[in-house]
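Reader: I should like to go through this structure term by term and ask what stands behind each label. Please set each value against the cut-off that applies.

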Amino acid sequence: MEIGKLEREKIGETEVGKEKSVKIGKAERGKFIVFEGIDGSGKSTQIQMLADKLRSRNISCYVTMEPTDSPIGAMIHQVMTRRMQADAKVVAALFVADRLDHLLNEVNGICKMVAEGTTVLMDRYYFSSYAYQSVEVPMEWLIQANTLSSATLRPDVNLFLDISPQAAMERIRSGRFQTELYEETSRLVQVRQNYLDAFDRLKGVEEVARIDAGRSRKEVAADVWHVVEGLFKG
């Protein structure tokens, strides 16, 4: 794929991830749209812009993110902000547990919302684990560990906002007083490459749209809408 151009690809089947997603709900089910990208790629901004656009069209939507604010997610936040230390394998396992609770809890679980017709827009899902945790934990282990999540609910589309690590770090430094655990240029270079490796590894299984996120907010938002608009037709 040529970097910087909008590309949508059906990502093919490998031995990992052969399990099919569980179908939930009927024709009225909501959509599940995930935003992925390295830190500083503009995911939060684009999610809010898409949510506003959907609501203006009377499409019910819910915005959420990982890690969550659940007790498990709170532990992850402690590690991310360097207030708590944990081995990389422990952190990876915490993300798996937080993700499953995010999907399945009875109060505001994503599966419940989608089944009831709400479109869920999420900032990060299992591709973030593959990209970030595989710097220190084997990607094969991460994919296997997240099999329950991918089998339970697979995104209608993963929107990968692609930006150079250098440009991303400039955005981060200009917008924050403090950086988090993974926010270093050298690490973001690795993470971005891990994203690309994960997309390649899961060709034919996942639906991915790669969007140049180094442009203006409006240009990026136009490409995001170009991808997701078709999900709401018919």
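**Labels and the values behind them**

Reader: Why is glutamate 140 called partly exposed?

Author: Glutamate 140 has a relative accessibility of 35%. Buried would require a value under 20% and exposed a value over 50%, so glutamate 140, at 35%, falls in between and counts as partly exposed. Please note that this is a predicted model, and the values discussed here are computed from it.

Reader: What makes the contact of arginine 201 and glutamate 140 a salt bridge?

Author: The side chains of the two residues meet at 2.7 Å, N to O. The rule asks for a nitrogen of Lys or Arg within 4 Å of a carboxyl oxygen of Asp or Glu, and the pair therefore qualifies. Arginine 201 lies in helix α9 (residues 185–201) and glutamate 140 in helix α6 (residues 139–145), so the pair, 61 residues apart, links distant parts of the chain. Arginine 201 is also partly exposed, because its relative accessible area is 33%.

Reader: Why do lysine 112 and glutamate 116 carry different exposure labels?

Author: Lysine 112 has a relative accessible area of 35% and is therefore partly exposed. Glutamate 116 reaches 57%, which is over the 50% cut-off, so it counts as exposed. The two residues form a salt bridge, with their closest N and O atoms 3.2 Å apart. By this rule, the count comes to 13 salt bridges.

Reader: Which strands does the salt bridge between aspartate 162 and arginine 210 link?

Author: The side chains of aspartate 162 and arginine 210 meet at 3.2 Å, N to O. Aspartate 162 belongs to strand β5 and arginine 210 to strand β6, 48 residues apart, and the pair links distant parts of the chain. Both residues are buried. Salt bridges with shared partners join Asp162, Arg192 and Arg210 into one network.

Reader: What makes strand β5 mostly covered?

Author: Strand β5 spans residues 157–162, and six of its six residues are buried. On one side are Val157, Leu159 and Leu161, and on the other Asn158, Phe160 and Asp162; both faces are covered.

Reader: How do you know that β5 is paired with strands β2 and β6?

Author: Pairing requires at least two bridges. Four bridges join β5 to β2 (residues 32–36), and five join β5 to β6 (residues 206–212); both counts meet the requirement, so both pairs are accepted. The strands run parallel in the pair of β2 and β5, as they do in the pair of β5 and β6. Phenylalanine 35 stands opposite leucine 159 in β5, while asparagine 158 stands opposite valine 208 in β6.

Reader: Why are cysteine 61 and cysteine 111 called buried, and how many disulfides are found?

Author: Cysteine 61 has a relative accessible area of 11%, and cysteine 111 has a relative accessibility of 12%. Both values lie under 20%, so both residues count as buried. A search of the whole structure finds zero disulfides; a pair of cysteine sulfur atoms within 2.5 Å would be needed for one.

Reader: What is noted about the phi of arginine 82 and of arginine 124?

Author: Arginine 82 has a phi near 65°, a positive value in a residue other than glycine. Arginine 124 likewise is not a glycine, and its phi is positive at about 85°. Arginine 82, in the loop between α2 and α3, is partly exposed because its relative accessibility is 44%. Arginine 124, in the loop between β4 and α5, has a relative accessible area of 11% and is therefore buried.

Reader: Which peptide bond is cis?

Author: The bond joining glutamate 66 and proline 67 is cis, with omega at about -5°. Proline 67 is found in the loop between β3 and α2.

Reader: Where does pLDDT stay under 50?

Author: The mean pLDDT of the chain is 88, and 84% of its residues reach 70 or more. However, pLDDT stays under 50 over residues 1–5, and over residues 8–27 the pLDDT is below 50 as well. Where pLDDT is low, the predicted coordinates should not be read in detail.

Conventions
Residues are numbered from 1 along each chain as its sequence is written. This is a predicted model: local features need pLDDT of at least 70, side-chain atom pairs count only at pLDDT 80 or more; totals for chains, interfaces and linings use all residues. Side-chain values use heavy atoms; hydrogens and water are left out. Buried means under 20% relative accessible area, exposed over 50%, partly exposed in between (1.4 Å probe, protein chains only). Helices (H or I, at least four residues) and strands (E, at least two) are DSSP runs, numbered from the N terminus. pLDDT is the predictor's confidence in each residue, from 0 to 100. Contact means heavy atoms within 4.5 Å.
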